[in-house]
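These are my notebook entries on a single model. I list what I looked up, entry by entry.

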Amino acid sequence: MEITWWGHATCTVEDSGVRLLTDPLFARRLAHLRRRRGAVPPPEAAVADAVLVSHLHSDHLHLPSLARLARGTRLLVPRGAPGAVPGLARMAGVRGLAVTELAPGDTVAVGDGVRGGGVRVRAVSARHDGRRLPFGPRLAPALGYVIEGSSRTYFAGDTGLFDSMADEVGPVDVALLPVGGWGPNLGPGHLDAAGAARALALLAPVAAVPVHWGTYWPIGMDAVRPHEFHAPGEEFVRCARREAPKVTVRLPAHGERVRLP
């Protein structure tokens, strides 16, 4: 099983002959944010059998990035997303994307075995205000996903720590956990490096990769709490060493592919 981190919450997960893409964001700039580290992902980053969208914030459900997907790509989104995000259904129709809406507990199969496998994707809860901001109503839940193939991989999306996390996620081999953000402060419903390490101790995977850090930052705020941009990855490694010493933590550079159990 291999994972490529493209930056922010965007990863390619390759397992059992299936290629999955999480929360694709291929923009150099998004509103007041600009990409400060890592090149914009190359065209091959948009190649996937299915795309997992965790929630409706525009840095996770980004219509121009989804428009780069090939026709026929399956798009897994929170239940209610097409009604909450203007243009999603229209763009998916124009681009020939197959949209599947999921709620926590729902499971779908991805892959037909042509390349030797197939996976199941299970939606799980997340503790995050996943509305389409700034004014969107709560029409769709924020989700995490568990990918079950040769390994079990948990992509947390955006979430805070919650009591039932380990029970809902279940046993996993790999955890992709958010450890930072795109601004000098994290609001509720997020994990910082220390919180992600506590989640790691609860989940007890074999390996972990920190995501959602060190990529985007507000324009004109380079000197405002810069450690919140640069430090979360390394800080997560240190905290994980203390909270979950048996877990192997990999810290890939942007665009780097790592092989995991």
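**Entry 1: His60**

I began with His60, which I located in the loop between strand 6 and helix 1. The model is predicted, and the entries below should be read as such. I asked whether His60 is buried or exposed. Its relative accessibility is 0%, so I recorded His60 as buried, the cut-off being under 20%.

I then looked up its polar partners. The side chain of His60 makes a polar contact of 3.4 Å with the side chain of Asp59. A polar contact of 3.5 Å joins the side chain of His60 to that of Asp158.

For the wider surroundings I set aside neighbours within four places in sequence. His60 is then in contact with His8, Ala9, Asp23, Pro24, Val53, Ser54, His55, Asp158 and His212. Asp158 thus appears in my notes both as a polar partner of His60 and in this contact list.

**Entry 2: Arg122**

I found Arg122 in strand 10, which spans residues 119-125. Which side chain does Arg122 meet in a polar contact of 3.3 Å? I noted the side chain of Glu148. A polar atom of the Arg122 side chain also lies 2.9 Å from the backbone oxygen of Glu168.

With neighbours within four places in sequence left aside, I listed the contacts of Arg122 as Asp106, Thr107, Gly144, Tyr145, Val146, Glu148, Glu168 and Val169.

**Entry 3: helix 3**

I turned to helix 3, residues 88-95, and picked out its buried residues: Leu88, Met91 and Ala92. They lie on the same side of helix 3, because the arc they cover around the axis is only 100°. I set beside this a general point: an α-helix has 3.6 residues a turn, so residues three or four places apart point the same way.

What covers these buried residues? I noted, among others, helix 1 (63-66), strand 7 (74-78), helix 2 (81-84) and strand 8 (98-102). On the face turned away from the buried side I found the exposed residues Arg90, Gly93 and Val94.

I checked Arg90, a residue of helix 3, individually. Its relative accessibility is 61%, so Arg90 counts as exposed, the cut-off being over 50%. Arg90 and Arg35 are 55 residues apart in sequence, and I recorded 28 Å between their C-alpha atoms. Just after helix 3, I noted Gly96 with a positive phi of about 70°.

**Entry 4: helix 5**

Which residues of helix 5 are buried? I listed Ala193, Gly195, Ala196, Ala197, Ala199, Leu200 and Leu203. They pack against strand 12 (152-155), helix 4 (165-169), strand 13 (174-178), strand 14, helix 7 and strand 16 (248-249).

At the N-terminal end of helix 5 I found a cap from Asp192, with a side-chain oxygen 3.3 Å from the backbone nitrogen of Ala194. After helix 5 comes Ala204, whose phi is positive, near 55°.

**Entry 5: the second largest pocket**

I next looked up the second largest pocket, which holds about 170 Å³ of space. Helix 5 (193-203), helix 6 (227-230) and helix 7 (232-243) are the elements that give two or more residues to its lining. I counted 16 lining residues, with Val179, Asp192, Glu228, Pro232 and Glu235 nearest the centre of the pocket. Asp192, the cap of helix 5, is therefore one I marked twice, as it is also among the residues nearest the pocket centre. The lining divides into seven nonpolar, five polar and four charged residues.

**Entry 6: loop residues**

I closed with residues in loops. As background, I noted that most residues other than glycine have a negative phi.

Ala204 has a positive phi although it is not a glycine. I placed Ala204 in the loop between helix 5 and strand 14 (207-211). At 53% relative accessibility, Ala204 counts as exposed.

Ala31, likewise not a glycine, has a positive phi of about 50°. I found Ala31 in the loop between strand 4 (29-30) and strand 5. Its relative accessible area is 57%, so I entered Ala31 as exposed.

Pro43 belongs to the loop between strand 5 (33-35) and strand 6 (50-52). I recorded Pro43 as exposed, at a relative accessible area of 64%. Pro43 and Leu69 are 26 residues apart in sequence, with 9.3 Å between their C-alpha atoms.

Conventions: Residues are numbered from 1 along each chain as its sequence is written. This is a predicted model: local features need pLDDT of at least 70, side-chain atom pairs count only at pLDDT 80 or more; totals for chains, interfaces and linings use all residues. Side-chain values use heavy atoms; hydrogens and water are left out. Buried means under 20% relative accessible area, exposed over 50%, partly exposed in between (1.4 Å probe, protein chains only). Helices (H or I, at least four residues) and strands (E, at least two) are DSSP runs, numbered from the N terminus. The arc is that of the directions from the helix axis to the C-beta atoms. Contact means heavy atoms within 4.5 Å. A polar contact is a pair of N or O atoms within 3.5 Å; within protein, one must be able to donate a hydrogen and the other to accept it, and residues adjacent in sequence count only if both atoms are side-chain atoms. On a 1 Å grid over the protein atoms alone, a cavity is a set of points where a 1.4 Å probe fits but cannot get out, and a pocket is an open set with protein on both sides within 12 Å along at least five of seven lines; lining residues have an atom within 4 Å of a point. Grid points are joined across faces, edges and corners, and a volume is the space filled by probe spheres set on the points. Ala, Val, Leu, Ile, Met, Phe, Trp, Tyr, Cys and Pro count as nonpolar, Asp, Glu, Lys and Arg as charged, and the others, Gly among them, as polar.
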